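Work through the exercises below with the sequence and the 3D structure in view. Each task is followed by a solution in steps.

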Amino acid sequence: TSWDFADLPERIEVRSKNGFQGFAFPGLEATAPDRAALRLFASKQEARRATRAGLLVLYRNSFPKQFKAAKKDFALPRTDWALYEGFDSEAGFNQRLLAAILGEIFGTKAGRIPSRKEFDERIAAIKADGLYARGKELLAEIRTVLEERRATLSHILRYEQMASGSGQAGRFAEYRRQVQQILPAAFLEEFGSTQLQAVVRYLKALRIRVERAHAAPAKDQDKAAQVSPHEARLAKASQNDGSPEYENLIAEYRQMIEEFKIALFAPEVKTSFPVSTKRLEQKWKELERLQ
């Protein structure tokens with residue numbers, strides 16, 4: 001089939017006889033096991049979600065045997081339930097896991113419709129490199145992240161039990177919130193390989209923080225006060241639906257906050273780039289200009 005969406009706009013104005021009504025967002029919707037069709041969606045999020053699934057349907061046509069094998073091989077067994085506990089059921093998690101691995105391999109996670117040239121080049125590259133080998137690498141990365149999460153939650157529980165009766169329950173609730181922030185429920189849909197590798201460092205830093213706070217909870221609280229204004233800003237800014245540039249800045253700001261936590265709570269883990277309150281303020285001003 002001949003198609004090319006290279007010049008497709010990100011959004012389209014919707015007008016009626018009463019004037020401007022809003023925007024509609026183009027996306028690819030899976031209409032059959034081997035077909036996808038272009039349609040308009042009410043929100044950018046809906047369009048991206050549909051496009052991720054629609055593109056995988058189209059790519060599946062070039063890798064029918066590999067896709068069939070992937071469903072069985074790119075999954076976690078029931079015996080690993082503790083790793084994905086709190087995220088989804090076994091069936092639900094493995095369905096999302098498969099989509100995440102294939103989405104990373106085929107570059108569909110952004111939910112962006114590629115040009116026909118990009119689409120064909122992606123197929124050629126995967127045929128040359130092999131789908132299965134890359135898929136197993138990604139499965140191993142995700143498993144490592146889930147193991148680190150489980151180890152961190154167990155670590156928090158251990159220190160919570162040691163501090164039992166000290167009136168510090170709120171501190172441990174905050175640590176669990178930090179785990180959820182580092183690895184949110186939608187990480188399979190939102191995180192790529194680079195982000196997953198960073199998560200391992202962030203969780204390690206959190207475990208060190210928990211240990212140090214056991215000996216000096218007041219110091220931990222003082223350091224947390226330096227982070228909280230930036231987390232509050234991030235939470236507010238993330239509610240806005242902005243341009244691709246704005247979303248990139250949000251992602252950069254979020255990463256900077258996590259690196260800032262490493263600098264404050266576990267400097268021996270080492271930040272991946274220089275970060276400070278001043279640099280965070282500068283990044284926030286960039287975001288404000290686009291709000």
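**Exercise 1. Describe the sheet: its strand order, its pairing and its edges.**

Step 1. The sheet is open, with 3 strands in the order S1-S2-S3 and antiparallel pairing. Strands here are DSSP runs of E with at least two residues, helices are runs of H or I with at least four residues, and both are numbered from the N terminus. Two strands pair if DSSP finds at least two bridges between them.

Step 2. Strand S1 (12–16) and strand S3 (35–41) are at the edges, and each has a single partner strand, so one side of each has no neighbour in the sheet.

Step 3. From one strand to the next, the twist averages 35°. Such angles run from 0 to 180 degrees between N-to-C directions, and the axes are lines fitted to C-alpha atoms, for helices over the stretch in contact.

A note on the source: this is a predicted model, in which local features need pLDDT of at least 70 and side-chain atom pairs count only at pLDDT 80 or more, while totals for chains, interfaces and linings use all residues. Residues are numbered from 1 along each chain as its sequence is written, and side-chain values use heavy atoms, with hydrogens and water left out.

**Exercise 2. Find how S2 is joined to S3, and which helix packs on the sheet.**

Step 1. Strand S2 (residues 19–32) and S3 run antiparallel and are joined by 7 bridges.

Step 2. Opposite Glu29 stands Ala37 in S3.

Step 3. Helix H1 (residues 44–60) packs on the sheet and touches S2 and S3. The direction of H1 makes about 25° with that of S2. Contact means heavy atoms within 4.5 Å.

**Exercise 3. State how many cavities of 30 Å³ or more there are, and describe the largest cavity.**

Step 1. The count is 2 cavities of 30 Å³ or more. A cavity is a set of points, on a 1 Å grid over the protein atoms alone, where a 1.4 Å probe fits but cannot get out; lining residues have an atom within 4 Å of a point. Grid points are joined across faces, edges and corners, and a volume is the space filled by probe spheres set on the points.

Step 2. The largest cavity holds about 80 Å³ of space.

Step 3. Its lining includes Gln178, Tyr202, Arg209, Glu258 and Phe265. Helix H7 (169–182), helix H9 (193–215) and helix H11 (244–265) each supply at least two residues of this lining.

**Exercise 4. Describe the second largest cavity.**

Step 1. The volume of the second largest cavity is about 40 Å³.

Step 2. Among the residues that line the second largest cavity are Ala100, Glu104, Lys109, Leu138 and Ser193.

Step 3. Helix H4 (90–106) and helix H6 (131–162) each supply at least two residues of this lining, as does H9. H4 gives the largest share, 3 residues.

**Exercise 5. Decide whether His230 and Asp73 are buried or exposed, and list what they touch.**

Step 1. His230 lies in helix H10 (residues 217–237). His230 counts as buried because its relative accessibility is 4%; buried means under 20% relative accessible area, exposed over 50%, and partly exposed in between (1.4 Å probe, protein chains only).

Step 2. Leaving aside neighbours within four places in sequence, the contacts of His230 include Tyr253, Phe260 and Glu281.

Step 3. Asp73 is in helix H2 (residues 64–73). With a relative accessible area of 19%, Asp73 is buried.

Step 4. Not counting residues up to four places away in sequence, Asp73 touches Tyr132, Lys136 and Leu139.

Technical notes:
1 Å grid on protein atoms, 1.4 Å probe; cavity = no way out; pocket = protein on both sides within 12 Å on 5 of 7 lines; lining within 4 Å.
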